[in-house]
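The following report describes a two-chain model in formal terms. It proceeds from one sheet and its covering helix to the chains, their interface and local backbone features.

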Amino acid sequence: MSEFKGRQLVAVFDLNKCLECHTCTVACKLLWTNRSGREYMYWNNVESMPGYGYPKGWGATNQTADGSGEVLGGGFKDVVLEEGRTDGKVKSRGDVIKDGKMPSLEDHYGLPWEYNYEAVFEPGPTFETPGAKGVRPHWQGKEVRPTWGPNWEEDQGAGEYPNHWVFSLPRICNHCTDPACLAACPRKAIYKRQEDGIVLVDQERCRGYRHCVRACPYKKVYFNPTTGMSEKCLFCYPRVEKGVPPACFWQCPGRMRFIGFKDDKESAVYKLIYVWKVALPLHPEYGTEPNVFYVPPIGSFKFGPNGELTNERRIPIEYLGRLLGGVENVKRAQDTVLAEREKVRKGERSELCEILIGFDSEDRFQLKVDGVPFKRPEEVQPVKVQFRRPSEDV
Amino acid sequence: MDQEAMTEIGRRSFLKGTGLGLLALLADPGRAFSKIQVVEDPLQEYEYRGWEDLYRKEWTWDRVQYVTHSLGCVGKCSLKLYSKNGIPLREEQTATYPVYAIRTPGKYTYEIMGKPRGEYIRYGPGGKIPSFSPRGCQKGCLYSDWMKQSDFLKYPLKRVGERGERKWKRLTWEQAFDEIAEKIIEIELKDPGAMVTTSRPFSQLSKGGSERFTGLLGGQLIPVSAMVGDAYPGGHTALIGRVGSTLDDWFTADLLIGWTQNFTAMRMPDAHFAKEAKDNGARIIVVDPNHNVTAAQAADLFVPIRMGSDSYLAAAICNTIIKEKKYDAEFLKEQSDLPFLVRPDTKKFLTQKDMKPGGKEFQYYFWDTKSNQAVEAPGCLDSPADKKTLNIARLGLDPALEGRFTVRLADGKEVECTTVFEKTKEGLARYNLDSDLVREATGLHPSVIRTMTDWILESKSLHITNGYNCQKHYDGYQSERLKILILVLTGQLGGPGAYHQTYEGMKLEGGRAAGGLHFPDQPARPEFGIEKPIKGGKQPYSVGIAYEVIYGDSLERTKKYFANTPLKEQIGFDANDMEAFLKDAIQKKYLPSMKPPRISLWHSCNNYRNKTGQQSWREHYLPKVELLIGTDIRMTSSMQSCDYVLSAATDYERWDIRETTTNPFLTLYGQGVKPMFERRSDWQIYAGLCKAIQEKARARGIKSIPFEYWNGTRQVKRTIDLSTIYDEYVQNGELDSDEKAVEWHNLKSKGIGKEGHEKLVRDGYAKFRGPAKYGNYEDDAPARSMTWQVVQKKPSGTNTGRFQFYVDHEYHIKLDQMTPKPQYTDMWRGGPQSPKRPDGSPYPFVMNFPHTKWGIHSAYRNNRWLMRLQRGDVYLYLNPKVMAERGIKDMDMVRVYNHMGEWFARAKEWPGNPPYIVFTEHGWDHFMTKNWTHYNNLNCEFLNPLELAGGTRGHIVYTGNHTSNRIYYETGVDIEKVEG
């Protein structure tokens, strides 16, 4: 088994800070996927868990509350994780699973439907009128009733009111240390960059076989029907290699995303994953060693049968354990966060809480190019017309 | 190949399936035979990386400018717009806001009753408060896409069919100005000032231009908050005006209560301060009937209250604090009217008028325990200049909170007065935390209220956010007073704790500088026809209630709506009482004059979106309008009814500025791109209209028109001067370009000044200096409201100069609502106050339709990317049990109806929604809905008479905020599955 020996960018998503605002999704959409056959793709998406997620049924196991329902599959066979670790390090793995299902546009991704906005100008009956022509979702020239989408199950979750529970799960490509997509590609058109561990699909070498789409257990590789090739999240390498954080990180108003290099022991990400062990990998049992780590959510207290308040948290820990590498790791992460918060409440300092607060951008983004934590787009790609007043802008 | 064509190919190809790889190869034979190089192990090395430039080239642009947004959002986020060849591509938050709040030990300390209480700003670990970077949400980050939609306006349009028929003729700007000016002059000559404007976007030039134009024409301006139900009249009585700290203050809380505010979804750019407060050791409580995203993902304690019963919860908490004597007595003595004396016979405050011949109305008394007599409380509205302080300890006073005290009046009569505290205690006594009354009303188990109360009492920095929804409920007025009472009883408000209303405007130091563009206030000049300086100048006068209730004749609808509802038994007044109180208030001049809306200007205001009883309102309002002018960026449902639709520049095509209280920065609209098509900035549109009016008026020799009106507290006399209207609008050329107008505004303002203006242009924002909302902008701390009063001991603007909990207005006395307590009567047993069916039976559901995170009201609501992140269609949320019972499946079309109307939406399952609520997020334009129906066709206007209270002096008078709020949330409905 070959092992990646380059530098690896790692990310931490603090789920307690996610606002479920989808600014990350929109940031990615406008930068990369609003054109050229990518319209249906969400290199970044945010889904409500528990649920089928996006695309519907991603994973080798299911994310629904009771684990039932269709799964799309993928990952590696016979995965054995190293014991006593929280980072999902694989001890041994078998072959890549090649018979994962190919998601379909309508059933699993959702159609990128359009709207007939121009209808607002068209003459017709006034006001409340049956059959008046309005702005409706259309697909291929016909009005359509959507059946799935990237955020179809928003806030749905599980449980009965008032003990309903739900949390949001933002997902990008995990830029895995041992990517299933890479292992599955017969063309060897998928590679890992040695300088940052970013996994890319060569847009000249790819032949559109889509084994990568089937093999990725996170379903984060997409087939582009316009180009006939597969595409995926780039970790914004054109930005990152110049020191600019990826758009979904930079634009996150919840400030829940942290980025840095795995070998940078001073970085926030390193401390969260390896020192405090509060950030856990998503489905490490798939065997790909994903490089996006999640601080598990801590929900509010549950009510008893008469509406009385209990001491039990509403998000079942067994469920979180299923997603994030086992109940033990999740419990420890939650307890650590709660204990540190309690310290701060009493007026003491806490390195963990200070990291999680992430006071300023440099505390969350540590790409460390040219001796600075990060750079801004205007620094690395200045243009002539930049922040001018009208009288100077003729 | 353009984007649409590419998309089209993509769709077809996708469906062709697996053969496509081959097809692509055939289409590009060159590719098929390239790259046959051998790759050994792509985990270890990969030589052929030249292709990577492909994506690098996609991340390029040729212009980047600062931008921000208005649209009725209070965010004020600085972003950068990247464009190429004049086409907006994408935006990104500016995100250079610094970490500015760094603790200096011992700096922010305060005293109460002369005793030190330590620091009142609770910084984070390491003595810092997080920065505001980045500010901006998913909507702000795709304005560049939204503005490219084909429903956006490109050039001025004139209606050539019936209103709403959507038959248009394209005009040049000159034609439009010419025709509109002609009509305005005719109407102004016939009925001066018969104009009503609704103006929505928050920016100094855009909104300012519309208001300035309206003011010069003597028109009425509908205060936005009163129009949409965002006013806080209840809070006004206790605090004066509207308060709000900059929202980095949330971070300083050790207990943050999100009460009627789903802040994670509704204050996205600021929500991180709340989430990060948890890592600063804070707890979060969310009080809401829905297990919304804030409750689900931020709360430690979710309080699943029954809709509309918040006053009972707050009353139970206050009652418990008082009964258990856990209140902060010293704070109450110094900072509230709770020790003030009240006469039992008149139910009014004991005043100097009672005590001395020729005494003053707003000089009140408390019982000083040191001298054992009633003494004049310092700091009241009518207190002498040397007693304008709340520092009663320094004056050697120690008022009694409790007891009965005999006072001899000027006429020799003796009355046994009691205190506001006693009256408040008495009013709350029945609301026991573990009583059946509270449980039935709120649906909450006592353990929940007990825990909430204990956490409140334990808190050393209690912050309550009270969003816009509170006062849209029938008992919102009293709910808000009670929430403020919690903060005062615990000694928190304006000290270590804070109260956060949602607020979107403020005045900058330098008098009217911020309002300068809104309201021409220039010195008298003979050529303007003004004899002498007039205070207030030619500003439009505001009328809160007129728009819906008077012009929309909505009380007639209210009567039908509540025909079979025992409203009076439940809340103490009914629809007939509402009408009687309204007539009385008009007759007593508690409200401003109202003129007919012959000219109506809809300035980027989608009135149909926010009108209660939408269809009915339209049917009553439109016939009263002779000229309906719409200025907007896109063809909204409201614009479809206009006579003229003027194509305004979008937020990315103009140079402008804006402010709100959410953050301490003035933010720049830096003209991201040059105006596209035939669009003009709002400032220039109104300048163009003024110019055309002036030219025509001069040609006709029209003289100055005398004009007067009652503004709610006094008669204003002025003139309308059509022959100089343009000179006045542009101040003789001083303000004729957008750039000059912005600079003029900033240089006038002490809070910005020259240095600030330069910084604004350079950085996209500039931090304010000086006064904020009843507190200061600091260099190293959040601007916390009410610190002038609590820390500096400066009397507030209430009649008592303090947090005021007793209102002795005749309406409050008549309805027995002088103190904070639930307004509902004994007959009410919880649950929302909703109308009954014509046969008198109750509806099984109540509608809830708060703000949406997917739009700023109707703005962005139809954007394709945002719609694809939802259900693609208008939808509502139902509890899964209800769906099962009613045979409704996910995405089925549901008809929601009551005896007033119907609307349609698709069903979405949400176990976080209680079974009795039909929930949707607002903002849908009716043309997106089946049969063009609207949820606002089902609700109705409800007037709380307490909000009509007015007068000519003091703080219980008409203002844009202290006026009848629009109350419409508790709508009874039924549902059924339908085809579609």
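## A helix across a three-stranded sheet

Helix 29 (residues 753-763) of chain B lies across strand 24, strand 25 and strand 28 of chain B, and runs at about 140 degrees to strand 28 of chain B. This is a predicted model, in which local features need pLDDT of at least 70 and side-chain atom pairs count only at pLDDT 80 or more, whereas totals for chains, interfaces and linings use all residues. Residues are numbered from 1 along each chain as its sequence is written, and chains are lettered from A and ligands numbered from 1 in the order in which they are written.

Helices (H or I, at least four residues) and strands (E, at least two) are DSSP runs numbered from the N terminus. Axes are lines fitted to C-alpha atoms, for helices over the stretch in contact, and angles run from 0 to 180 degrees between N-to-C directions. Two residues are in contact if their C-beta atoms, placed from the backbone, lie within 7 Å. Two strands pair if DSSP finds at least two bridges between them.

The sheet beneath this heading is open, with three strands in the order 24-25-28 (chain B) and antiparallel pairing. Strand 24 (655-658) and strand 28 (765-767) of chain B are at the edges with a single partner strand each, so one side of each has no neighbour in the sheet. From one strand to the next, the twist averages 15 degrees. Strand 24 of chain B is joined to the antiparallel strand 25 (residues 665-670) of chain B by four bridges, and B:Ile657 stands opposite B:Leu668 in strand 25 of chain B.

## A parallel sheet and a hairpin

Chain B also holds an open sheet of five strands, in the order 12-11-10-18-19, with parallel pairing. Its edges are strand 12 (301-303) and strand 19 (498-501) of chain B; each has a single partner strand, so one side of each is left without a neighbour in the sheet. Here the twist averages 15 degrees from one strand to the next. Helix 18 (residues 446-458) of chain B lies across strand 10, strand 11, strand 12 and strand 18 (462-466) of chain B, at about 125 degrees to strand 12 of chain B.

In the hairpin of strand 26 and strand 27 of chain B, four residues lie between the strands, and B:Gly712 takes a positive phi near 110 degrees. The table sets out three strand pairs with a residue pair from each.

| Strand pair | Sense and bridges | Opposite residues |
|---|---|---|
| Strand 10 (residues 255-259) and strand 11 (residues 283-287) of chain B | parallel, five bridges | B:Gly258 and B:Val286 |
| Strand 26 (residues 705-710) and strand 27 (residues 715-720) of chain B | antiparallel, six bridges | B:Trp710 and B:Gln715 |
| Strand 19 (residues 385-386) of chain A and strand 1 (residues 63-67) of chain B | parallel, two bridges | A:Val385 and B:Arg63 |

## Helix packing

The axes of helix 7 (residues 206-216) and helix 26 (residues 682-700) of chain B come within 7 Å and cross at roughly 20 degrees. The two helices of chain B, helix 7 and helix 26, are therefore roughly parallel to each other (angles under 35 degrees count as such). Among the residues making the contact are B:Gly209 and B:Phe213 of helix 7 of chain B and B:Trp683 and B:Leu689 of helix 26 of chain B. By class, this contact has five nonpolar, three polar and two charged residues. Ala, Val, Leu, Ile, Met, Phe, Trp, Tyr, Cys and Pro count as nonpolar, Asp, Glu, Lys and Arg as charged, and the others, Gly among them, as polar.

## Chains and interface

Chain A has twelve helices and 19 strands. Its radius of gyration is 22 Å, close to the 21 Å that the globule rule gives for 394 residues, so chain A is as compact as a globular protein of that length. The radius is taken over C-alpha atoms, and the rule is 2.2 Å times the number of residues to the power 0.38. Chain B comes to 33 helices and 36 strands; its 29 Å agrees with the value near 30 Å for a compact globule of 980 residues.

Between the chains, 126 residues of chain B are in contact with 116 residues of chain A. The side of chain B that touches chain A divides into 51 nonpolar, 42 polar and 33 charged residues.

## Local backbone features

Most residues other than glycine have a negative phi, and most peptide bonds are trans. A cis peptide bond joins A:Tyr54 and A:Pro55, with omega about -10 degrees. Another cis peptide bond joins B:Ser133 and B:Pro134, with omega about -15 degrees. A:His283, although not a glycine, has a positive phi of about 50 degrees; this residue is in the loop between strand 14 (280-281) and strand 15 (292-295) of chain A.

Technical notes. Parallel < 35°, antiparallel > 145°, perpendicular 65-115°, else oblique.
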